[in-house]
Structures are given as structure tokens and as C-alpha cells.
Number of protein chains: 2
Amino acid sequence: MRILIVEDEPGISNFLKQGLQEESFSVDIAADGNKGLQMALSGDYDLLLLDWMVPGISGIEICRQFRKEFKETPIIFLTAKDTVDETIFGLQSGANDYIKKPFHFEELLERIKVQLRPKSGEHSVFTLGSITLNTGNHQVLKNGKEINLTQKEFSLLEFLMRNKGTVCRRTRIIESVWDIHFEYNTGVIDVYINALRKKLRLRDDENYIQTVRGIGYMAKEL
Amino acid sequence: MRILIVEDEPGISNFLKQGLQEESFSVDIAADGNKGLQMALSGDYDLLLLDWMVPGISGIEICRQFRKEFKETPIIFLTAKDTVDETIFGLQSGANDYIKKPFHFEELLERIKVQLRPKSGEHSVFTLGSITLNTGNHQVLKNGKEINLTQKEFSLLEFLMRNKGTVCRRTRIIESVWDIHFEYNTGVIDVYINALRKKLRLRDDENYIQTVRGIGYMAKEL
DNA sequence: TAAAATTTTTAAGTAAGTCTTAAGAAAGGA
DNA sequence: TCCTTTCTTAAGACTTACTTAAAAATTTTA
């Protein structure tokens, strides 16, 4: 995660840089507004920390210009001024948050984390070797390439991956995926396992879906 | 936009309620933690205003419980305590922002708007391939040429573009665009998707609106 | 206020894709 | 080897989505 600090006081900016680097952020500093805007517009940053008052273009103006191009990137203002009016002005110009100087580094850190927190809900993602299954957007990737699965195929694979490393009995599978309880005499599972192996192009030497004879199947890392 | 206030002091909660209603928010009040959590979990709200200290379950605890279920809904803390430590604690428990009492109503309002911005607020511009959608002036351009869409068509396209890259389930679409909850058995979505594809002249080789069989649709760059 | 135009919804036929069954081939275990 | 279980394929049943037209509702116009 890359953060740009626009701040003219070296004391503050260096302090922040060090602190954020320790938190494994990648940090750049711009000491004046013109430089700051230019760097911001490069689009290289995931978050902007703007001082309210910097030489050259003001923080507010940077914010406004920047927002025209980048709608999503969060902006946090660092401001010595703590009158309500100006804070509002700042937020109206497109900032997401502001923090008053002097502030505790820990508080700033938390506010940064809040802004960077993943937006679209944490749908669970499962992995199996080179396969990634995302229940949120119903996508399966193999080596980053999208694999098109039908609903049944998807939910079968999901069931297996949720239970990675343990044997899935046929009865459990038929219950969870097909919602058939009590009795069953059908070969659907076999058919679908076959389809999965085919679509995922699982060769013998990378068959993540092992068959456990007489019991069922097991998804397993190699 | 519906807001839930969890606050035990009637003076504050009523003041807020009136102010927010004047800003055309729909506001409910819970006077204690248990009631608050219960109402919050109903899922009817777009934003939560939580007092730090309320009788019964604490604001922090409400926040934590609520986050388990609802990842997206913004939470703002109202707190009399202004020590840094506790603020951090609040943000860590899943809140998006906090404001210290006493506060100016105007500032609270701005913070609320900031939180609601990404969802439905502010006029924003979305792009999808050669298509540009501007919620501000309700315009859709394709290759710079204006496309005339009806209201429903527009809001369907807006919904898809806001969620570009992730699958939009039919239920979500029917909820967001048609405001139909719980049950539905109608083919409107299909009809409107068809209309969109037609009006946007999406050929097979540039169909930005993919159908995800059995699930819904997805706006996607090619 | 009625007529006209537009938008929204319903409905129905068609097309496309998915699911299940069934049956022969292959593989594993006794 | 024989029997059982699993694999593989293909055809038919079924489900879902597409497309069109027309009815219903809403908005605009005269």
C-alpha cells in the first residue's frame, strides 16, 4: 500500500514516514503543493495524507483537483486548524477524513486502516493449489484465468474446498449440494466430479480432487 | 436513507432526529443497547449513530455484533470520552468514524454524508468500456455520444456499473432498482437487461453486461 | 380533463444452457 | 477372474434466459 504525504514541515513528514514504513506502508513525501499535486496525479497511491496549509497549491485545492481524476482513493487531512467550519470545508472538497494536529500516531494509523479496509464485503475465498474460488462473485480462477462453472459444478467444488483435507462422503455431498436426504441412487456426483476435473484440466499429476474408493472424494493440496 | 440512533439521552437523540429529518433522512431512535442491537440487526438501516455509553449492551459491543452481520453499513460513534485510546478501540471494533461530544450538528452531518457518499450520495461518474454514466446530470454516453435511457434503465445500469467486476445477484438488483423485497416472480430484469444491451448496441464481441446463469449479471470490462 | 406519448410491467413463445439418467468402458479389490 | 465401484459419454428432460408484443400505468401535451 502506497501513501503520499504532502507536508512542508520535515519534522512531521519524516516522523510519519518512518512510522508508516514500520507498518509496512510504502511512503513518499512532497514538501509543497505543486509537487504534491503532480505526484498525486501520477495515480501511484492508495491513500493521500494532505496538510491543510502547504506552500504553493493548498491542500484543499490538491484534494479538489485530485478528486476529479480519482474518485475512490481516500484522502485524509492533517490540519492544525480545528475550527469546525474549515473542517467541513475540507470534507466537502472530497476528503474522507481529517485529523487535528497534534495527534497521536496510533490514532492516525487506525484512521488510515479504516479508510483502506476492503470495501466490497469480505466474501470468503478458498484456495486449492492453483485454484481460487470466490463465493462473493461466484468466480473460479485457475492460475488467474477464469474458469466457467455451472451452478452445480460451483457448489460441488465449493463444498469440496470448504472441506479441503478431509474426505467428503457421498451422502454428505448429495445432502449439501443436491439437497437430497435419506435415499439416493444416482450417479450425478460421478458425472459432476468428472466435469470439474475436465474443466479444471486436472491431469493425473495434479489431481486436487482425489477419489476415496467406497467413501467419496477429497480436495487435497499436492 | 435510514439512520438508527442509539442514544439514551432524549435531549440529544431528539435534537439529532429532528435535524436529520430536516435533511430528509428517515430516523429511528433506540434508548438502550439491547433495543439498539435488536433494531440494528433488522438490517433496515443505512447508517448507525452509536453512543459510546448506553444502558444495557455498550455501543462498542453493538458495533462488534453488528459488524459480524453487516460489513458495509457505516457506523459513527458519538462519544463524550475524548481520550485517544478509547477512540482507537472504537475504530478497531469496526466503526468508520467517531465524533466527540459536544459537536456541531453541521459537522456531524458532513461526516454522515462522507460515509454515505460512496453508496448513493454525491454525483459520481462511472465508466465501463466506452460507456460513461454520470449520476449528476443523469447522462449516459457511449463513445461521447449521448444515449437516451429511461429512469429504470438508468438505475439498472447505474447499479451494475457501481458494482463493476462483481456479480450482481437478481435479488440484489430487484431490491436496489425495483425496491421489491422478500419475494418476486417477474421477468422485468430480463426485459430491462435486454433493453440496455439493445440501446447500448452491445454486440456479442463487446457485451459489457455478462449474464451469470442462475445468479444474475455482471458489468465487466473486456 | 381527455388524448397522446412514453414508460413500465406482464405474458408467452423461443432459444440456449444445465441437470439427470442411463449404459458401456475402465479400474480397483477380493 | 469376477464383482463392485468409478469414469465417461451422450441423449432427453428440465430450467433459465432472451426476445417480442401487447396491456397497464404513468407522464406529457393539447
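I count a residue as buried if 20 or more other C-beta atoms lie within 10 Å of its own, and as exposed if 12 or fewer do. I keep that rule at the top of the page, and I also note that this is a predicted model.

**Entry 1: a buried asparagine**

I began with A:N96, which I found in the loop between α4 (84–92) and β5 (97–100) of chain A. Is A:N96 buried or exposed? I found 24 C-beta neighbours inside 10 Å, so A:N96 counts as buried. Next I looked up who those neighbours might be. Leaving out residues up to four places away in sequence, A:N96 touches A:P74, A:I75, A:I76 and A:Q115, and also B:V114 from chain B. I then checked one of these partners along the chain: A:P74 is 22 residues apart from A:N96, yet their C-alpha atoms are separated by 5.9 Å.

**Entry 2: chain A as a whole**

I stepped back for an overview. Chain A holds 8 helices and 12 strands. Of its 222 residues, 30% count as buried. I also looked at contacts with a separation of 6 or more in chain A, and 53% of them join residues 24 or more positions apart.

**Entry 3: the four-stranded sheet**

Which strands of chain A make up the open sheet, and in what order? I read the order as β6-β7-β8-β9, with antiparallel pairing. The edge strands are β6 (125–128) and β9, each of which pairs on one side only. On average, neighbouring strands of this sheet are turned by 25 degrees against each other, direction ignored.

I then walked through the pairs. β6(A) is joined to β7(A) by 4 bridges, antiparallel, and there I found A:V125 with A:N134 as its bridge partner. β7 (residues 131–134) also pairs with β8 (residues 139–142) in the antiparallel sense, over 4 bridges. A:L133 has A:V140 in β8(A) as its bridge partner. Last in the row, β8(A) and β9 (residues 145–147) of chain A run antiparallel and share 3 bridges. I noted A:K142 standing opposite A:K145 in β9(A).

**Entry 4: turns and positive phi**

I went back for the turns. The hairpin of β7(A) and β8(A) has 4 residues between the strands, and A:H138 takes a positive phi near 55 degrees in it. The hairpin of β8(A) and β9(A) has 2 residues between its strands, and A:N143 sits in that turn. A:N143 is not a glycine, but I still read a positive phi of about 55 degrees for it. Why does A:N143 count as exposed? It has 9 other C-beta atoms within 10 Å, and the cut-off for exposed is 12 or fewer.

I looked up another such residue, A:D179, in the loop between α7 (170–178) and α8 of chain A. A:D179 is not a glycine either, and its positive phi is about 60 degrees. I put A:D179 down as exposed because it has 7 other C-beta atoms within 10 Å.

**Entry 5: the nonpolar cores**

Where is the largest nonpolar core? I found 29 residues in it, and those with the most contacts inside are B:I3, B:L4, B:I5, B:L48, B:L49 and B:L50. The elements of chain B that give it two or more residues are β1 (2–6), α1 (10–22), β2 (26–30), α2 (33–41), β3 (47–51), α3 (59–69) and β4 (75–79). I followed B:L49 and, leaving aside neighbours within four places in sequence, found it in contact with B:I3, B:I5, B:L16, B:I76 and B:L78. Another core lies apart from this one, with 28 residues, among them A:I60, A:I62, A:C63 and A:I76.

**Entry 6: the DNA strands**

I finished with the DNA. How many residues surround DNA strand D? I have 18 down, and the closest are A:D190, A:N194, A:T211, B:N194 and B:T211. Two or more residues come from α8 (188–199) of chain A, and likewise from α8 (188–199) of chain B. By class, I get 4 nonpolar, 8 polar and 6 charged residues near strand D.

Around DNA strand C I have 20 residues, and A:T150, A:K152, A:T186, B:T150 and B:Q151 come nearest. Here the elements giving two or more residues are α6 (151–162) and α8, in chain A and in chain B. The surface near strand C divides into 6 nonpolar, 8 polar and 6 charged residues.

Key
Residues are numbered from 1 along each chain as its sequence is written. Chains are lettered from A and ligands numbered from 1 in the order in which they are written. This is a predicted model: local features need pLDDT of at least 70, side-chain atom pairs count only at pLDDT 80 or more; totals for chains, interfaces and linings use all residues. A residue is near a molecule or strand if its C-beta atom, placed from the backbone, lies within 6 Å of it. Ala, Val, Leu, Ile, Met, Phe, Trp, Tyr, Cys and Pro count as nonpolar, Asp, Glu, Lys and Arg as charged, and the others, Gly among them, as polar. Two strands pair if DSSP finds at least two bridges between them. Axes are lines fitted to C-alpha atoms, for helices over the stretch in contact, and angles run from 0 to 180 degrees between N-to-C directions. Two residues are in contact if their C-beta atoms, placed from the backbone, lie within 7 Å. A nonpolar core is a set of buried Ala, Val, Leu, Ile, Met, Phe, Trp, Tyr and Cys residues joined through C-beta atoms within 7 Å.
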